[in-house]
Amino acid sequence: MLREDIVEPSSTSWSSPVVLVKKKDGSTRFCVDYRKLNAVTTKDCYPLPRIDDSLDTLAGSRWFSTLASGYWQVEMEEGDRPKTAFVTYSGFLSIQSITFWLCNAPVRLRD
């Protein structure tokens, strides 16, 4: 993740534990447990738009696009990155983009 520029070295007082979760296919998924961070995060208070309103907005459109992989696409504000820190054998690392399971971020429903 460091080589891919997904995480960066960090020095912070924030830290969340790393959890390695076994997937159905036997491989391992790297996860960070953000429950304590989420407990102190101010939650968004606006509701999601109704799906029929969203579809009506697209009426008459001719071009549509989707991302092949949107997981690391949304960059996080630099000042918020230290809050995503986790500890490794070589020190603290912080995630540079918005990740699933953070409050007010996209939710990953399933693989």
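Six salt bridges turn up in a search of the whole structure, which is a predicted model. Three of them are listed here with their N to O distances.

| Side chains | N to O distance |
|---|---|
| Arg35 and Asp33 | 2.7 Å |
| Arg50 and Asp52 | 2.5 Å |
| Arg50 and Asp53 | 3.7 Å |

Arg50 thus appears with Asp52 and with Asp53. Arg50 is exposed because its relative accessible area, 52%, is over the 50% cut-off. Asp52, at 33%, is partly exposed, and Asp53 is also partly exposed, at 40%. Glu8, Glu75 and Arg81 are joined into one network by salt bridges that share partners. Arg35, which pairs with Asp33, is exposed at a relative accessible area of 64%.

Helix α2 covers residues 51-58, and none of its eight residues is buried, so the helix lies largely in the open. Just after α2, Gly60 has a positive phi of about 85°.

On the surface, Met1, Val18, Leu20, Phe30 and Trp72 make a nonpolar patch of about 430 Å². Leu20 belongs to strand β2, which spans residues 18-22. Leu20 counts as exposed because its relative accessibility of 60% is over 50%.

The second largest pocket holds about 350 Å³ of space. It is lined by 16 residues, of which Thr41, Met76, Asp80, Leu102 and Cys103 are the closest to its centre. By class, the lining of this pocket consists of eight nonpolar, four polar and four charged residues.

Technical notes
Residues are numbered from 1 along each chain as its sequence is written. This is a predicted model: local features need pLDDT of at least 70, side-chain atom pairs count only at pLDDT 80 or more; totals for chains, interfaces and linings use all residues. Side-chain values use heavy atoms; hydrogens and water are left out. Patches are made of residues with over 30% relative accessible area and no salt bridge: like charges are joined within 9 Å, nonpolar side chains (Val, Leu, Ile, Met, Phe, Trp, Tyr) within 5 Å. Accessible areas come from the Shrake-Rupley method with a 1.4 Å probe; for residues, only the protein chains shown count as cover. A salt bridge is a side-chain nitrogen of Lys or Arg within 4 Å of a carboxyl oxygen of Asp or Glu. Helices (H or I, at least four residues) and strands (E, at least two) are DSSP runs, numbered from the N terminus. Buried means under 20% relative accessible area, exposed over 50%, partly exposed in between (1.4 Å probe, protein chains only). On a 1 Å grid over the protein atoms alone, a cavity is a set of points where a 1.4 Å probe fits but cannot get out, and a pocket is an open set with protein on both sides within 12 Å along at least five of seven lines; lining residues have an atom within 4 Å of a point. Grid points are joined across faces, edges and corners, and a volume is the space filled by probe spheres set on the points. Ala, Val, Leu, Ile, Met, Phe, Trp, Tyr, Cys and Pro count as nonpolar, Asp, Glu, Lys and Arg as charged, and the others, Gly among them, as polar.
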